[in-house]
Each structure stands twice: as C-alpha cells, then as structure tokens.
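Here is a short briefing to read alongside the model. Have the viewer open, and let us walk through it topic by topic.

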Amino acid sequence: LINAIWIDVTVVQNLGVTEMATLFQGKVMQPDVLNQCEGALAMGRLASRIRNHEFELEPARKALSAVVPNLVAMLSATGTAQQASACFALENIGGCDVYQPTTALLSRLIELWESSSDLTVQDLCARALASMPLLPRTEVKQVDDRTRAVARKLVEHSVADDFDSGPANLI
C-alpha cells in the first residue's frame with residue numbers, strides 16, 4: 001500500500017514535498033479508515049525521506065506537526081491497522097523534531113505498547129516512543145504515577161527480553 005501511494009505521488013503526479021505533505025495530511029483527516037491509514041503511512045514515509053534534509057524538511061514542517069493530533073486519535077482506534085499506521089508515522093515524524101510530544105501522547109503510546117496483543121503494533125509503539133523528542137523537565141514532572149510505573153516496566157522489559165523490542169534499547 002505504501003509503495004503504491006508513494007509511486008503515485010512521486011512518479012505519476014510528480015508532486016513536491018509541500019504538496020505531498022498537504023495531500024497526506026488531508027488523507028489522515030478523512031473519516032474513513034483506509035484514507036487515514038494511507039495518509040499516515042505515506043506521511044511516515046515522507047518524514048523518513050526528508051528528516052535529514054533541512055531544505056526539504058522546512059516546507060513540510062507545518063503539515064508534519066499539524067497531523068500529529070490526528071495520529072494520536074488513531075492510536076485510540078480499535079483497529080490494529082490504524083494503530084500501526086499511526087505509530088509508523090509518529091516514529092518517523094518524531095525523528096524530524098517538528099513538534100514537542102505531550103504527556104498524553106507518550107502515555108497513550110506506553111499504554112498501547114503494554115496492552116496490544118498485536119506484535120507489530122507493540123514493535124511500532126516501541127519505535128515511536130524511542131524516536132520522540134525529549135520532554136521539557138516541567139512536563140516530565142506532570143506525568144502520573146501509573147505512566148511512570150508502565151515506563152519503568154517498559155525499560156525493565158527492554159533490558160530483560162528481546163533486544164529489538166525494547167524502546168530503551170532503540171534510543
């Protein structure tokens with residue numbers, strides 16, 4: 001799916017970075033699941049391609065940061081396709097350093113990592129967490145005790161279990 005979308009916008013439509021980012025943002029904002037997933041996957045792919053190229057990143061910065069609230073909403077969907085697509089996008093957008101994650105976003109990623117029975121969603125949650133820009137100290141102090149306990153469990157898991165599945169090892 002992601003390759004078909006990518007070929008369509010880069011080869012067939014020959015869109016620039018800004019146009020692609022705007023198109024993908026619009027897809028994520030659609031009410032239907034297929035458009036949301038297509039948009040999230042494509043936005044993640046775009047972010048991974050441009051994150052180390054400031055001249056391409058700058059024009060897309062606004063759309064990349066504006067899509068984050070929609071991706072957070074997708075994390076709360078019941079379907080694993082939406083959750084996995086959102087995590088993929090957040091992982092790659094996080095590497096662009098275009099927004100500051102909220103404690104609510106971090107808490108939701110941790111909760112989803114802990115509660116999902118889908119191994120792909122768990123892995124993508126871990127990667128999304130590992131790519132997030134660091135929170136300012138004032139926000140870290142606002143994290144609730146449950147989130148802290150889950151975060152400790154997540155770090156302990158990353159040390160004790162499979163090396164690739166733990167966010168602490170991905171950092």
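Is R127 buried, partly exposed or exposed? R127 is partly exposed, because its relative accessible area is 29%. Please keep in mind that this is a predicted model. The protein chain holds 11 helices and zero strands, and 45% of its 171 residues count as buried.

**Overall fold**

- Read from start to end, the protein chain follows the pattern α-α-α-α-α-α-α-α-α-α-α.
- Among contacts with a separation of 6 or more, 64% join residues that are 24 or more positions apart.
- The accessible surface of the protein chain is about 8,800 Å², and carbon and sulfur atoms account for 55% of that area.

**The nonpolar core**

- The largest nonpolar core contains 45 residues.
- The residues with the most contacts inside this core are F24, L46, L64, L71, L90, I93 and L109.
- Two or more core residues come from each of these elements: α1, α2 (17-28), α3 (33-50), α4 (54-66), α5, α6 (80-94), α7 (103-115) and α8 (119-131).
- Leaving out residues up to four places away in sequence, I93 touches M43, A47, L64, V67, V68, L71, V98 and Y99.

**L75 and its surroundings**

- L75 belongs to helix α5, which covers residues 68-75.
- With a relative accessible area of 0%, L75 is buried.
- Setting aside neighbours within four places in sequence, the contacts of L75 are Q83, A86, C87, L90, L105, R108, L109 and L112.
- Two names in that contact list also appear elsewhere in this briefing: L90 and L109 are among the residues with the most contacts inside the largest nonpolar core.
- For a distance to check in the viewer, the C-alpha atoms of L75 and V121 are separated by 9.9 Å, with these positions 46 residues apart along the chain counted as their separation.

**Salt bridges**

- How many salt bridges does a search of the whole structure find? The search finds four, and three of these pairs are described below.
- E58 pairs with R61, and their closest N and O atoms are 3.0 Å apart. These two residues are separated by about one helical turn, because they sit three residues apart in helix α4.
- E58 counts as partly exposed because its relative accessible area is 42%, and R61 is also partly exposed, at 22%.
- E111 pairs with R108, with 3.9 Å between the closest N and O atoms. Both residues lie in helix α7, three residues apart, which is about one turn of the helix.
- E111 is partly exposed, with a relative accessible area of 30%, whereas R108 counts as buried at 19%. The cut-off matters for R108, because buried means under 20% relative accessible area.
- R108 is also one of the residues in contact with L75.
- The side chains of D123 and R127 form a salt bridge with an N to O distance of 3.1 Å. Both residues lie in helix α8, four residues apart, about one turn of the helix.
- D123 is partly exposed at 26% relative accessibility, as is R127 at 29%.

**Cysteines**

- How many disulfides does a search of the whole structure find? The search finds zero.
- C125 is in no disulfide, and the nearest cysteine sulfur, that of C87, is 3.5 Å away. A disulfide would need the two sulfur atoms to be within 2.5 Å, so this pair does not qualify.
- C125 counts as buried, with 0% relative accessibility.
- C37 is buried too, at 6% relative accessibility.
- C87, the partner in that sulfur distance, is among the contacts of L75.

**Surface patch**

- I7, V11 and V12 make a nonpolar surface patch of about 310 Å².
- I7 lies in helix α1, which covers residues 2-12.
- I7 counts as partly exposed because its relative accessibility is 48%.

**A backbone detail**

- D97 has a phi near 55 degrees, a positive value in a residue other than glycine.
- D97 is found in the loop between α6 and α7.

Conventions. Residues are numbered from 1 along each chain as its sequence is written. This is a predicted model: local features need pLDDT of at least 70, side-chain atom pairs count only at pLDDT 80 or more; totals for chains, interfaces and linings use all residues. Side-chain values use heavy atoms; hydrogens and water are left out. Buried means under 20% relative accessible area, exposed over 50%, partly exposed in between (1.4 Å probe, protein chains only). Contact means heavy atoms within 4.5 Å. Patches are made of residues with over 30% relative accessible area and no salt bridge: like charges are joined within 9 Å, nonpolar side chains (Val, Leu, Ile, Met, Phe, Trp, Tyr) within 5 Å. Accessible areas come from the Shrake-Rupley method with a 1.4 Å probe; for residues, only the protein chains shown count as cover. A nonpolar core is a set of buried Ala, Val, Leu, Ile, Met, Phe, Trp, Tyr and Cys residues joined through side-chain atoms within 4.5 Å.
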